[in-house]
Amino acid sequence: ATKVSALSLASKKRKGRKISMVTAYDYPSAVHCARAEIDIILVGDSVAMVELGYDTTQPVTVDQMIHHCQSVKRGVEQSNANTTPLLVGDMPFGSYEFEDTDVALRNAYKFVKEAGVDAVKMEGGSPARARTAKMVVDGGVAVMGHIGLTPQAISVIGGFRAQGRTASRARALLDDAMRLQDAGAFSVVLECVPANVAEAITETLEIPTIGIGAGGYTSGQVLVYHDMLGMLSHPHHEQFMPKFCKQYAEVGHAIQSGLQEFKADVESGTFPSDKYSPYVMTEKERMAFD
Ligand code: KIV
Ligand code: NA
């Protein structure tokens, strides 16, 4: 299988070919993403919200992230897909922000050694964050940046809302992006920024940009698995769906109707029919038993 790499992604940007990225959190979602030949699989810290049921991404720990990365890695390896996606692990809140220490690098090594990820992702583009990114890259771990809406900073930002909507904030975002590129990041996620700002950043940078809620001019697009597939949608309780997310399937509805049908079949005795009662004794053993 051909392997997606930082180099092949850079080449895609140069050739004007778009990059696809989707989150995955476990074995089945990884198998599905790999078989669809998605370029990049992100084990996002959005796992905290869509898999673990928290209100924010803040509670998830490094060890929990690694546990999810390990099952995703097995899914990628066992998927029998034609291409092997680039596997990115999201560094969680509190695992890379300390300055003047090697916490970030140690945690990045954990993702590589314990889960076999190809790269880690970190939020923020301040000078301090760029220094951290550089330290991790210098240590030999590829880094994806993430600017614009950075959900780990929810208590500072005040809510999940668009970023970079004034000229000065848009310029600040461009500075952040440049700093991350200079630090050695191989790509940067732009979350919830105006399309023209994402376009300007994409044109200025050499490295590919991956947008989410950032319009159509980025080098690629990323969506959260559960959102894009309608995983949590339910006939009587529509999941919260971000404005920018297109829903490509109604997996939640399929799961609900399957479960409801099973319950009805059990209660009516329709399941299991003879077809699903496969184990039989020989006539002789049965006579001896009866
Ligand atoms: O955790 C996540 O799902 C992400 C993507 C939205 C980029 O960081
Ligand atoms: Na994330």
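**Strand pairing, core and ligand shell in a predicted model**

In this predicted model, strand E9 (residues 209-212) and strand E10 pair in the parallel sense over 2 bridges. Within that pairing, Ile210 stands opposite Gly220 in E10, and Gly220 is also the residue of E10 that Ile19 stands opposite. Strand E10, which comprises residues 220-223, pairs with strand E2 as well, again in the parallel sense but over 4 bridges, and here the bridge partner of Ser20 is Gln221 of E10. Strand E2 further pairs with strand E3 (residues 40-43), in the parallel sense and over 3 bridges, with Ile41 of E3 as the bridge partner of Val22. The chain passes from E2 through helix H2 to E3, and the resulting β-α-β crossover is right-handed. Strand E2 itself, formed by residues 19-23, is mostly covered, in that 4 of its 5 residues are buried.

These elements belong to a protein chain that has 12 helices and 10 strands. The C-alpha trace of the chain spans about 85 × 40 × 40 Å along its principal axes, and 43% of its 290 residues count as buried. Among contacts between residues at least 6 apart in sequence, 58% join residues that are at least 24 apart.

Helix H2, the helical segment of the crossover described above, has Ser29, Ala30, Val31, Cys33 and Ala34 as its buried residues. The cover over these residues includes strands E2 and E3 as well as helices H4 and H10, the last of which comprises residues 225-228. Ser29 is placed in H2, which extends over residues 27-35, and Ser29 is buried because 23 other C-beta atoms lie within 10 Å, where the cut-off for burial is 20 or more. When neighbours within four places in sequence are left aside, Ser29 is in contact with Ala24 and Tyr225. The second of these contacts bridges a long stretch of chain, since Ser29 and Tyr225 are 196 residues apart in sequence, while their C-alpha atoms are 7.9 Å apart in space. Just after H2, Glu37 takes a positive phi of about 60°.

The largest nonpolar core of the chain has 72 residues, of which Ile41, Val120 and Val143 touch the most other members. Helix H4 (residues 62-77) gives the most to this core, contributing 6 residues. Ile41 has already been described as the bridge partner of Val22 in the pairing of E2 with E3. Val120, for its part, lies in strand E6, which is made up of residues 119-121, and this residue counts as buried because it has 27 C-beta neighbours inside 10 Å. Residues up to four places away in sequence not being counted, Val120 touches Val88, Gly89, Met91, Ala108, Phe111, Val136, Val141 and Val143; Val143, within this list, is itself named with Val120 among the core residues that touch the most other members. By contrast with these contacts, the C-alpha atoms of Val120 and Ser79 are separated by 22 Å, the two residues being 41 apart along the chain.

A residue with another degree of burial is provided by Arg171, which is placed in helix H8 (residues 167-183). Arg171 counts as partly exposed because 13 C-beta neighbours lie inside 10 Å, a count that falls between the limit of 12 or fewer for exposed residues and that of 20 or more for buried ones. Arg171 and Ala200 are 29 residues apart in sequence, and their C-alpha atoms are 9.8 Å apart in space.

The surroundings of ligand 1 draw on residues from widely spaced parts of the numbering, namely Thr23, Leu42, Gly44, Asp45, Ser46, Asp90, His146, Val189, Ile212, Val222 and Val224. By residue class, this shell divides into 5 nonpolar, 4 polar and 2 charged residues. Several members of the shell, including Thr23, Leu42, Ile212 and Val222, fall within the strands with which this account began: Thr23 within E2 (residues 19-23), Leu42 within E3 (residues 40-43), Ile212 within E9 (residues 209-212) and Val222 within E10 (residues 220-223). The shell around ligand 1 thus includes residues from E2 and E10, which pair over 4 bridges, and from E3, which pairs with E2 over 3 bridges.

Conventions
Residues numbered from 1 in each chain as written. Chains lettered and ligands numbered in written order. Predicted model: local features only at pLDDT ≥ 70, side-chain atom pairs only at ≥ 80, totals over all residues. Near = placed C-beta within 6 Å. Nonpolar A, V, L, I, M, F, W, Y, C, P; charged D, E, K, R; others polar. Contact = placed C-beta atoms within 7 Å. Pairing = 2+ DSSP bridges. Right-handed = clockwise from strand over helix to strand, strands pointing away. Core = buried A, V, L, I, M, F, W, Y, C linked by C-beta atoms within 7 Å.
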